[in-house]
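Here are some worked exercises to try with the model open beside you. Have a go at each task before you read its solution.

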Amino acid sequence: MSDSDAGSDEDEAEAVANEGDEPTPIGVKLGSTRTVIAIPEDGGLRTVKTLTCLATYEDAITGEEKVLYGEEAAREYPDRVQYTLRSGLPEDEDAAELTATFFESVIEANDVPTDSAVVYAIPTIDNERGLSNLESVIEGSSIGETLIRSYPESLCGAVPALGADLEAIDDIFVTVNMGSTNLEASAYRRGEQLIPFTTGAVTGNEVDRRIANYVEEETQGRVNIDTTTAREYKEEHADFVDFEPFTDIIQQPGGGSHEFTIERSVMDAVDEYVDEAVEEVANAFLPDLANDYIKVYQLALDRPIVLTGGMTCIPGIVEEFEERLSDELERDVDVVAPDDPSLSAAVGAQRIAARLVDADAY
Ligand SMILES: Nc1ncnc2c1ncn2[C@@H]1O[C@H](COP(=O)(O)OP(=O)(O)OP(=O)(O)O)[C@@H](O)[C@H]1O
Ligand SMILES: [Mg+2]
């Protein structure tokens with residue numbers, strides 16, 4: 001009796017020790033606007049979210065090159081901050097190197113464990129060179145000593161919308177990823193990506209450009225804003241439920257300042273965005289899906305369509321998209337989104353990493 005008790009204590013002790021030896025499952029999304037990392041902590045998840053940008057400067061005393069990243073770099077060095085994934089992927093070796101420097105700085109500053117199994121949420125873009133540059137950043141980083149895997153960003157992002165675990169992986173559904181540089185639509189059948197569709201014409205960046213143009217029009221040419229400011233207006237004020245006109249102040253080059261109010265520029269731009277996104281999904285992506293996989297098309301449209309990506313954060317956009325897509329298709333479709341679309345790709349990737357660790361897939 002006492003022997004067997006001792007035995008089970010030992011087993012338990014061993015189980016705990018093994019658990020301690022297991023790599024930490026981590027999810028990463030390296031995005032053109034923001035990078036997000038999800039790390040388990042205290043029974044929950046710690047998420048790190050930062051702008052994907054960096055600026056270097058010389059230490060005033062030692063002359064050493066120092067790296068600043070994220071919001072701090074954007075705020076303090078607007079003159080030379082670099083967005084290393086501006087077009088979604090590192091275009092060339094220089095961009096890959098800068099991205100690696102950026103990523104390593106984020107890893108160090110946030111104590112991301114190197115003894116880890118890391119799943120990366122990767123954009124669906126047909127750009128071999130860019131993808132292989134991104135891979136070199138991922139492979140060269142200090143995290144993921146035990147395991148490195150990649151899954152499509154749109155799949156990872158949909159995971160938190162479809163259940164508390166990995167229900168999405170056993171499901172059939174359509175998802176639309178609304179990012180900075182791309183609009184992507186795909187169907188997933190038990191984790192298999194079908195008919196991925198992407199367009200660079202309907203994007204968060206394009207919305208920012210339009211907002212900048214519309215602001216100039218709305219203020220009769222008195223106000224010129226850059227696209228970073230336009231993005232900030234969009235992220236702070238775009239709202240399909242209760243948008244409120246807002247005021248801002250610019251400093252005049254000759255001194256003094258000018259206060260102005262924005263009533264239409266932001267909502268006009270996001271309104272057009274939703275129309276164009278619906279148009280692409282209804283008239284370009286879905287017909288292709290129906291053509292090649294009519295059963296999957298039927299099954300998927302009977303279930304919720306999942307919106308993911310940063311543009312999904314705009315309040316009320318899910319309902320707008322649902323209404324306009326239903327009109328366009330002349331049938332009712334249901335549209336859902338994860339609770340926090342700006343984190344969901346990293347959170348979904350983290351759940352996949354945890355499953356891989358549980359399955360001892362390393
Ligand atoms: N709270 C918010 N409100 C409105 N827009 C937002 C919000 N948060 C992020 N966005 C917008 O979402 C876009 C970024 O989305 P996401 O992070 O999914 O893109 P990405 O993965 O970096 O880009 P891509 O995959 O297209 O290269 C940007 O246009 C950003 O301004
Ligand atoms: Mg993306």
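How far is the sulfur of Cys156 from the closest cysteine sulfur, and in which residue is that sulfur?

A word on the ground rules: this is a predicted model, where local features need pLDDT of at least 70, side-chain atom pairs count only at pLDDT 80 or more, and totals for chains, interfaces and linings use all residues. Residues are numbered from 1 along each chain as its sequence is written, chains are lettered from A and ligands numbered from 1 in the order in which they are written, and side-chain values use heavy atoms, with hydrogens and water left out.

**Exercise 1. Settle the disulfide question.**

Step 1. Take the cut-off: a disulfide is a pair of cysteine sulfur atoms within 2.5 Å.

Step 2. The closest cysteine sulfur to that of Cys156 sits in Cys313, 17 Å away, so the two are too far apart for a bond. Cys313 is therefore in no disulfide either, and the count by this rule is zero.

Step 3. Check the surroundings, using relative accessible area with a 1.4 Å probe and protein chains only: under 20% is buried, over 50% exposed, and in between partly exposed. Cys156 is buried at 0%, while Cys313 is partly exposed at 39%.

**Exercise 2. Lay out the five-stranded sheet and find what packs on it.**

Step 1. Get the terms straight: helices (H or I, at least four residues) and strands (E, at least two) are DSSP runs numbered from the N terminus, and two strands pair if DSSP finds at least two bridges between them.

Step 2. Read off the order: S3-S2-S1-S7-S8, an open sheet with mixed pairing. Its edges are S3 (44-51) and S8 (147-152), each paired on one side only.

Step 3. Zoom in on one pair. S1 (residues 24-30) and S7 (residues 116-122) run parallel and are joined by six bridges; Pro25 stands opposite Ala117 in S7.

Step 4. Add the helix. H4 (residues 128-140) packs on the sheet and touches S1, S7 and S8 (contact means heavy atoms within 4.5 Å). The direction of H4 makes about 160° with that of S7; axes here are lines fitted to C-alpha atoms, for helices over the stretch in contact, and angles run from 0 to 180 degrees between N-to-C directions.

**Exercise 3. Which residue coordinates the magnesium ion (ligand 2)?**

Step 1. Donors are N, O and S atoms within 2.8 Å of the metal (3.2 Å for Na, K and Ca); water is not among the atoms, so sites may look incomplete.

Step 2. The magnesium ion is coordinated by Glu153 (OE) and Glu153 (OE), at 2.2 to 2.4 Å. Glu153 is found in helix H5 (residues 153-158).

**Exercise 4. Track down two positive phi values.**

Step 1. Recall the background: most residues other than glycine have a negative phi.

Step 2. Look at the hairpin. S10 (residues 183-189) and S11 (residues 192-199) pair antiparallel over six bridges, with Glu184 opposite Thr198 in S11. Two residues lie between these strands, and Arg190 there takes a positive phi near 50°. Arg190 is exposed, at 59%.

Step 3. Now go to the loop between helix H10 (317-329) and strand S15 (335-336), where Glu330 is found. Glu330 has a positive phi of about 55° although it is not a glycine, and Glu330 is exposed too, at 73%.
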